[in-house]
Amino acid sequence: MTLAWGEYGHDAPTVQRRDAMSRLAERSIVAFLIWIAVYPSVLLANYALHALGFTQLPLPVSVLLTTMITVPVLEFGAIPVIKKIVAKGEERLGVDGELRDD
(Lines give C-alpha, C1' and ligand atoms only; values in the text may rest on other atoms or scores of the structure.)
Protein backbone atom coordinates (compact mmCIF):
# COMPACT_ATOMS: atom_id res chain seq x y z
CA MET A 1 0.00 0.00 0.00
CA THR A 2 1.39 3.38 -1.01
CA LEU A 3 0.53 6.54 0.86
CA ALA A 4 0.27 9.96 -0.71
CA TRP A 5 2.14 12.91 0.84
CA GLY A 6 -1.12 14.39 2.11
CA GLU A 7 -1.80 11.25 4.16
CA TYR A 8 1.25 12.01 6.31
CA GLY A 9 -0.29 15.30 7.33
CA HIS A 10 2.12 17.52 5.42
CA ASP A 11 3.33 18.20 1.96
CA ALA A 12 6.93 16.88 2.05
CA PRO A 13 8.12 18.33 -1.28
CA THR A 14 6.85 21.76 -0.19
CA VAL A 15 8.63 21.42 3.18
CA GLN A 16 11.87 20.43 1.43
CA ARG A 17 11.55 23.35 -0.97
CA ARG A 18 10.91 25.75 1.92
CA ASP A 19 14.00 24.41 3.76
CA ALA A 20 16.13 24.89 0.65
CA MET A 21 14.82 28.44 0.24
CA SER A 22 15.56 29.17 3.91
CA ARG A 23 19.14 27.95 3.52
CA LEU A 24 19.54 30.02 0.36
CA ALA A 25 18.15 33.11 2.09
CA GLU A 26 20.45 32.58 5.08
CA ARG A 27 23.51 32.13 2.88
CA SER A 28 22.57 35.23 0.88
CA ILE A 29 22.22 37.32 4.04
CA VAL A 30 25.58 36.10 5.38
CA ALA A 31 27.26 36.80 2.02
CA PHE A 32 25.79 40.31 1.98
CA LEU A 33 26.91 41.02 5.56
CA ILE A 34 30.42 39.78 4.81
CA TRP A 35 30.54 41.94 1.67
CA ILE A 36 29.44 44.93 3.77
CA ALA A 37 32.41 44.21 6.06
CA VAL A 38 34.93 43.52 3.28
CA TYR A 39 34.44 46.57 1.08
CA PRO A 40 34.98 49.26 3.74
CA SER A 41 37.92 47.31 5.19
CA VAL A 42 39.67 47.10 1.84
CA LEU A 43 38.89 50.74 1.13
CA LEU A 44 40.29 51.89 4.49
CA ALA A 45 43.42 49.74 4.08
CA ASN A 46 43.95 51.23 0.62
CA TYR A 47 43.56 54.77 1.97
CA ALA A 48 45.98 53.94 4.81
CA LEU A 49 48.62 52.72 2.37
CA HIS A 50 48.30 55.92 0.34
CA ALA A 51 48.39 58.07 3.48
CA LEU A 52 51.62 56.35 4.54
CA GLY A 53 53.22 57.26 1.22
CA PHE A 54 52.87 53.97 -0.64
CA THR A 55 51.45 55.64 -3.73
CA GLN A 56 54.06 54.47 -6.23
CA LEU A 57 53.69 50.74 -5.56
CA PRO A 58 52.77 48.46 -8.45
CA LEU A 59 49.17 47.28 -8.29
CA PRO A 60 49.98 43.63 -7.35
CA VAL A 61 52.11 44.79 -4.41
CA SER A 62 49.44 47.24 -3.30
CA VAL A 63 46.78 44.50 -3.47
CA LEU A 64 49.05 42.13 -1.53
CA LEU A 65 49.61 44.66 1.26
CA THR A 66 45.92 45.55 1.41
CA THR A 67 45.04 41.85 1.59
CA MET A 68 47.60 41.27 4.35
CA ILE A 69 45.85 43.97 6.37
CA THR A 70 42.21 43.15 5.68
CA VAL A 71 42.12 39.34 5.87
CA PRO A 72 43.15 39.10 9.55
CA VAL A 73 40.88 42.03 10.46
CA LEU A 74 37.93 40.33 8.81
CA GLU A 75 38.73 36.80 10.00
CA PHE A 76 39.23 37.70 13.64
CA GLY A 77 37.01 40.79 13.85
CA ALA A 78 34.15 41.14 11.42
CA ILE A 79 33.23 37.53 10.65
CA PRO A 80 32.74 36.50 14.32
CA VAL A 81 30.46 39.52 14.75
CA ILE A 82 28.50 38.55 11.63
CA LYS A 83 28.15 34.97 12.92
CA LYS A 84 26.76 36.30 16.22
CA ILE A 85 24.25 38.47 14.35
CA VAL A 86 23.10 35.50 12.27
CA ALA A 87 22.90 33.26 15.36
CA LYS A 88 20.72 35.82 17.16
CA GLY A 89 18.46 36.01 14.11
CA GLU A 90 18.17 32.23 13.98
CA GLU A 91 17.46 32.15 17.70
CA ARG A 92 14.54 34.53 17.26
CA LEU A 93 13.11 32.38 14.48
CA GLY A 94 11.34 29.17 15.34
CA VAL A 95 11.90 25.92 13.52
CA ASP A 96 8.72 26.61 11.61
CA GLY A 97 10.07 29.99 10.47
CA GLU A 98 7.71 32.02 12.65
CA LEU A 99 9.11 35.05 14.46
CA ARG A 100 9.17 34.60 18.23
CA ASP A 101 8.24 37.41 20.63
CA ASP A 102 10.91 36.92 23.31
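Colleague: In which helix is Trp35 found?
Modeller: The model in front of you is predicted, and its protein chain has two helices and zero strands. Within that chain, the element in which Trp35 is found is helix H1.

Colleague: Which two residues form the aromatic pair, and is that pair stacked or edge-to-face?
Modeller: The structure holds one aromatic pair. Its rings belong to Trp35 and Tyr39, and their centres are 5.8 Å apart. Planes under 30 degrees apart count as stacked, and because the planes of Trp35 and Tyr39 stand at 10 degrees, this pair is stacked.

Colleague: About how many helical turns separate Trp35 and Tyr39?
Modeller: Both residues belong to helix H1, which covers residues 12-51. Because Trp35 and Tyr39 are four residues apart in that helix, the separation is about one helical turn.

Colleague: Is Tyr39 exposed or partly exposed?
Modeller: The cut-off for exposed is over 50% relative accessible area, while buried means under 20%. Trp35, with a relative accessible area of 51%, is exposed. Tyr39 has a relative accessible area of 48%, so its class is partly exposed.

Colleague: What accessible area does the nonpolar patch with Trp35 and Tyr39 have together?
Modeller: On the surface, Trp35 and Tyr39 join Phe32, Ile36, Leu43, Leu44 and Tyr47 in a nonpolar patch. Taken together, the accessible area of these residues is about 790 Å².

Colleague: What percentage of the area that the protein chain exposes do carbon and sulfur atoms supply?
Modeller: Of the 102 residues in the protein chain, buried residues make up 12%. The chain exposes about 8400 Å², and the part of this area that carbon and sulfur atoms supply is 66%.

Technical notes: Residues are numbered from 1 along each chain as its sequence is written. This is a predicted model: local features need pLDDT of at least 70, side-chain atom pairs count only at pLDDT 80 or more; totals for chains, interfaces and linings use all residues. Side-chain values use heavy atoms; hydrogens and water are left out. Rings of Phe, Tyr and Trp (its six-membered ring) pair if their centres lie within 6.5 Å; planes under 30 degrees apart count as stacked, over 60 as edge-to-face and the rest as tilted. Buried means under 20% relative accessible area, exposed over 50%, partly exposed in between (1.4 Å probe, protein chains only). Patches are made of residues with over 30% relative accessible area and no salt bridge: like charges are joined within 9 Å, nonpolar side chains (Val, Leu, Ile, Met, Phe, Trp, Tyr) within 5 Å. Accessible areas come from the Shrake-Rupley method with a 1.4 Å probe; for residues, only the protein chains shown count as cover. A salt bridge is a side-chain nitrogen of Lys or Arg within 4 Å of a carboxyl oxygen of Asp or Glu.
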